[in-house]
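Please look at the sequence and the 3D structure shown here before reading the notes that follow. The notes are grouped by topic, so that each group can be checked against the structure in turn.

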Amino acid sequence: SYIIDEDEYDNFIEELANYGINSVEQFEESFEGEFEGYGERVFAEFSEQWMETCGYTIEPEFIANCIDWELVWYSYIRYDYRAVEFKGNTYFFSNI
């Protein structure tokens, strides 16, 4: 769900500060995406999107459907990104 009031906004800003994101510039430089929900499914979705964003393609498509995207997150991507869970959503930020 979306952040809809000032208290939620303040709590989100406070949560970001716990991760070292203290300014608009830091947010803009490191924000990579927002996904609805928490947990492994979201990590898998982010990993698959990240690969596409980087320009990687996996052909044929039936092979791409066999990739354990959650494992990609835990084995590689999580070291360069952080996931912030807040109010039903997961926000991804690069470690800059």
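In this predicted model, the lining of the second largest pocket receives at least two residues from each of two helices, α3 (40–53) and α4 (61–64). Of the elements that contribute, α3 gives the most to this lining, with three residues. The points below begin with this pocket and then move on to α3, the other pocket, the salt bridges, two backbone details and the chain as a whole.

**The second largest pocket**

- The volume of the second largest pocket is about 190 Å³.
- The residues that line the second largest pocket are E48, M51, E52, Y56, T57, I58, E59, E61, A64, N65 and W69.
- Sorted by character, the lining of the second largest pocket holds five nonpolar residues, two polar residues and four charged residues.

**Helix α3**

- Helix α3 is made of 14 residues, and the distance from its first C-alpha to its last is 20 Å, which is close to the 20 Å expected at 1.5 Å a residue.
- Which residues of α3 are buried? They are V42, F43, A44, F46, S47, W50 and M51, and M51 also appears in the lining of the second largest pocket.
- The buried residues of α3 are covered by parts of the chain that include β1 (31–36), α5 (69–75), β2 and β3.
- Just after α3 comes G55, whose phi is positive, at about 90°.

**The largest pocket**

- The largest pocket encloses about 230 Å³ of space, and the elements that give two or more residues to its lining are α1 (6–18) and α2 (24–30).
- The lining of the largest pocket is formed by I3, Y9, F12, I13, L16, I21, N22, S23, V24, F27 and E28.
- With four residues, α1 provides the largest share of the lining of the largest pocket.
- The lining of the largest pocket is made up of eight nonpolar residues, two polar residues and one charged residue.

**Salt bridges**

- How many salt bridges does the structure hold? There are two salt bridges in the structure.
- One of them brings together the side chains of K87 and E8, with a distance of 3.3 Å from N to O. Because K87 lies in the loop between β2 (81–86) and β3 (89–94) while E8 lies in helix α1, this pair ties together parts that are 79 residues apart in sequence.
- Is E8 buried or exposed? The relative accessibility of E8 is 17%, so E8 counts as buried, whereas K87, with a relative accessible area of 28%, is partly exposed.
- The other salt bridge joins the side chains of R41 and E45, at 2.4 Å from N to O. Both R41 and E45 lie in helix α3, where they are four residues apart, about one turn of the helix.
- An α-helix has 3.6 residues a turn, so residues three or four places apart point the same way.
- R41 is partly exposed, with a relative accessible area of 46%, and E45 also counts as partly exposed, with a relative accessibility of 32%.

**Backbone details**

- The peptide bond that joins E59 and P60 is cis, and its omega is about -10°. P60 itself is found in the loop between α3 and α4, while E59 is one of the residues that line the second largest pocket.
- K87, a residue other than glycine, has a positive phi that is near 50°. The place of K87 is in the loop between β2 and β3, and K87 is the residue that forms a salt bridge with E8.

**The chain as a whole**

- The protein chain contains five helices and three strands, and, when read along the sequence, these elements follow the pattern α-α-β-α-α-α-β-β.
- Taken along the principal axes, the C-alpha atoms of the chain fill a box of roughly 45 × 25 × 20 Å.
- The protein chain has 96 residues, of which 31% count as buried.
- When contacts between residues at least 6 apart in sequence are considered, 63% of them join residues that are at least 24 apart.

Definitions and conventions:
Residues numbered from 1 in each chain as written. Predicted model: local features only at pLDDT ≥ 70, side-chain atom pairs only at ≥ 80, totals over all residues. Heavy atoms only, no water. 1 Å grid on protein atoms, 1.4 Å probe; cavity = no way out; pocket = protein on both sides within 12 Å on 5 of 7 lines; lining within 4 Å. Points joined across faces, edges and corners; volume = space filled by probe spheres on them. Nonpolar A, V, L, I, M, F, W, Y, C, P; charged D, E, K, R; others polar. Salt bridge = Lys/Arg side-chain N within 4 Å of Asp/Glu carboxyl O. Buried < 20%, exposed > 50% of the residue type's maximum accessible area, 1.4 Å probe, protein only. Expected span 1.5 Å × (residues − 1). Contact = heavy atoms within 4.5 Å.
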